[in-house]
Amino acid sequence: MKQKFKLNFLWPVLFFAIIAAVIVSFALAMDDLADNQNEEHRLRLEESVRLAAVSCYANEGKYPKDLDYLVEHYGIQIDTDRYTVYYEVFAENLMPEITVVEQND
């Protein structure tokens, strides 16, 4: 009789352990999904800045001297609370170095 009691006690414990493992797995998957979305947003912003710089070069014959010019004349929108954009110009006829970094809170 004692053996049956031990098995009856283990089923609820096993059930709750499985439920806890599923919940933890789901939480980790959601966190990973959020990280992937953040990286996708960062890459999209970097590509937008790059395309605006190329568009400026095609229209005006030179790359813009700074990021503010792209914001003002080419409609680039940057969430400055979330991202830092490094825009380094070497010469008017060379593609600037563009890097977008997500800020850590």
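Student: Is Tyr69 buried, partly exposed or exposed?

Tutor: Happy to help, and keep in mind that this is a predicted model. The relative accessible area of Tyr69 is 23%. Buried would need a value under 20% and exposed one over 50%, so Tyr69 counts as partly exposed.

Student: How many aromatic pairs are there?

Tutor: Two rings pair if their centres lie within 6.5 Å. By this rule, the count of aromatic pairs is 3.

Student: What kind of pair do the rings of Phe15 and Phe16 make?

Tutor: Their ring centres are 5.6 Å apart, and the planes meet at 70 degrees. Planes over 60 degrees apart count as edge-to-face. The pair of Phe15 and Phe16 is therefore edge-to-face.

Student: And what kind of pair do Tyr69 and Tyr74 make?

Tutor: Here the centres are 6.4 Å apart and the planes stand at 45 degrees. Stacked needs planes under 30 degrees apart and edge-to-face over 60, so the pair of Tyr69 and Tyr74 is tilted.

Student: Arg42 lies in helix H1; is Arg42 buried or exposed?

Tutor: Good one to look up in the structure! Arg42 has a relative accessible area of 15%. Buried means under 20%, so Arg42 is buried.

Student: Which residues of strand S1 point to the buried face?

Tutor: Side chains alternate along S1, which covers residues 83–88. Thr84, Tyr86 and Glu88 point to one face and are not buried. The buried ones, on the other face, are Tyr83, Val85 and Tyr87.

Student: Which residue in S2 stands opposite Tyr86?

Tutor: S1 and S2 run antiparallel and are joined by 6 bridges. Opposite Tyr86, in S2, stands Thr99.

Note on methods
Residues numbered from 1 in each chain as written. Predicted model: local features only at pLDDT ≥ 70, side-chain atom pairs only at ≥ 80, totals over all residues. Heavy atoms only, no water. Phe/Tyr/Trp six-rings, centres within 6.5 Å; stacked < 30°, edge-to-face > 60°. Buried < 20%, exposed > 50% of the residue type's maximum accessible area, 1.4 Å probe, protein only. Helix = DSSP H or I, 4+ residues; strand = E, 2+ residues; numbered from the N terminus. Pairing = 2+ DSSP bridges.
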